[in-house]
Amino acid sequence: MSQASEAAAMPKTVDGVMAAAQQMAGLEDFGDLNFLDSLGRLLKAFQTEADLSELGEQLAYGGVINNLVNRLRYVRDLKAHPEILEEKIERPIVILGLPRTGTTKLQRVLSASPQALAMEYWRMMNPAPFPGEEPGKPVERIQMARDAVQMLSENFPGFMARHPTEAEVPDEEVLLMQGSFQCVVTWLFAHIPSFYEFCMNTNQRPLYDFLHGQMQYMQWQQGGAQGRSWIMKSPCHTGFIDTLLEVFPDAVFVHCHRDVNVVMPSMSGLTEEMRRIHSDQIDSSIIGPEMLDYFGTMMDRYIDLRERLPSERFMDVHYMEIMTNLEDVIERAFALAGRKLDAETLANAQQFDEERPQHYLGSYTYAAEDYGFSQDMISARFARYAKRFAEFNK
């Protein structure tokens, strides 16, 4: 079957994707159906706004079906093992802030610790074990993630250079969150403005409840917490830390900082490459204003929320500290969660860092004017942030 016919054959309605998932999984019960409205909005936006390419249609609708298959398997396993919901997610370390501030590197080196539970890419891509999978031997799930990474490397090297992705390396838990069908990061991958407005103005509690359940599920498969903490990371948490704390009440936060006049053009470049995965028609001139609106709004929300929360829950760190003084940053982050830096953690972190130098999958450039904004526009939009965290905005 050709790529075009495969794209045409993809189901694109709520009933269609749900039926495809049920057939694929051999299961019927999706559990609570409160996600149907969000799913319908997402599919409508894919059809009417995203201008998906043939490959983009396969990836977008195929991704939705994969999320639904995992949901079916999760519901089945909850019925068989209700103790999954007894798993305690204890003292997670949540890395947040603006993107392109060292958050990815910090998540990955912290996750190398034996004291950590890691958001590995393969595990989030398919949190539910495959049929017949032997416990502790997720060979097929890992291989599926390797195949996905290989596809990205071959077809979208610009994305991989900006956000190196490896099957057995931690990544953002947005891979899980998108299974709620109300995660705004989906909009970063496809220009779907109606879905953006929906996510930004919708109660995020169902999304965080879904994330919590998926983390319990993955933790249960690993024999429980065993004294370990999850290392979470996503800039999309930044404006919703109040909701996050409703679900993860003992979470602590590491806020990474960098000059916004570097961050915004860099993130715009990444967004352009993210959208190329799904569409051949990219208007780069609108990306900058979109980034200002989204990340500016999230940061304003965050500052308001942070003023009301205990300061001991937070640690601020500059990008250059992560790049040049990693041991100290790791030690402080672990101390925030009531943990001590041990020799194995430090050795693992240093090895991971040495094996993956900056730009190890390719270099790239970016400039504000390429994305429809100027440095003056960036400075004006983030003036409040720059004032509140003046010592870190250099």
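## Rings, cysteines and a pocket: a short briefing

Phe253, Tyr302, Phe314, Phe382, Tyr385 and Phe389 are joined by ring pairs into a cluster. Welcome to this structure, which is a predicted model. In total, 17 aromatic pairs are found here. The points below start with the rings, move on to the cysteines and finish with a pocket.

**Aromatic pairs**

- A pair of aromatic rings is described by how far apart the centres are and by the angle of the planes.
- One of the 17 aromatic pairs brings together Tyr217 and Trp220, with 6.5 Å from centre to centre and 15° between the planes.
- That pair counts as stacked, because planes under 30 degrees apart are given that name.
- Both residues belong to helix 12, which covers residues 205-221. Tyr217 and Trp220 are three residues apart there, so about one helical turn separates them.
- Their surroundings can be told apart by accessibility: Tyr217 is buried, at 0% relative accessibility, whereas Trp220 is partly exposed, with a relative accessible area of 24%.

**Charges over rings**

- Arg258 places its charged end over the ring of Tyr319, at 3.7 Å from the ring centre.
- Arg356 has its charged end over the ring of Phe352, and here the distance to the centre is 4.0 Å.

**Cysteines**

- A disulfide is a covalent bond linking the sulfur atoms of two cysteines.
- The count of disulfides in this model is zero.
- Cys183 takes part in no disulfide, and its nearest cysteine sulfur, in Cys236, is 4.8 Å away.
- Why is the sulfur of Cys236 not bonded to that of Cys183? The two sulfurs are 4.8 Å apart, which is too far for a bond, because a disulfide needs them within 2.5 Å.
- Cys183 is buried, at 1% relative accessibility, and Cys236 is buried too, with a relative accessible area of 6%.

**The second largest pocket**

- This pocket has a volume of about 410 Å³.
- Its lining is made up of 20 residues, and Asp32, Asn34, Arg71, Pro206 and Phe210 are the ones nearest the centre.
- Which helices each supply at least two residues of the lining? They are helix 3 (36-48), helix 4 (54-80) and helix 12. Helix 12 is also the helix that holds Tyr217 and Trp220.
- By character, the lining of this pocket has nine nonpolar, seven polar and four charged residues.

Definitions and conventions: Residues numbered from 1 in each chain as written. Predicted model: local features only at pLDDT ≥ 70, side-chain atom pairs only at ≥ 80, totals over all residues. Heavy atoms only, no water. Buried < 20%, exposed > 50% of the residue type's maximum accessible area, 1.4 Å probe, protein only. Phe/Tyr/Trp six-rings, centres within 6.5 Å; stacked < 30°, edge-to-face > 60°. Helix = DSSP H or I, 4+ residues; strand = E, 2+ residues; numbered from the N terminus. Lys NZ or Arg CZ within 6 Å of the ring centre and 35° of its normal. 1 Å grid on protein atoms, 1.4 Å probe; cavity = no way out; pocket = protein on both sides within 12 Å on 5 of 7 lines; lining within 4 Å. Points joined across faces, edges and corners; volume = space filled by probe spheres on them. Nonpolar A, V, L, I, M, F, W, Y, C, P; charged D, E, K, R; others polar.
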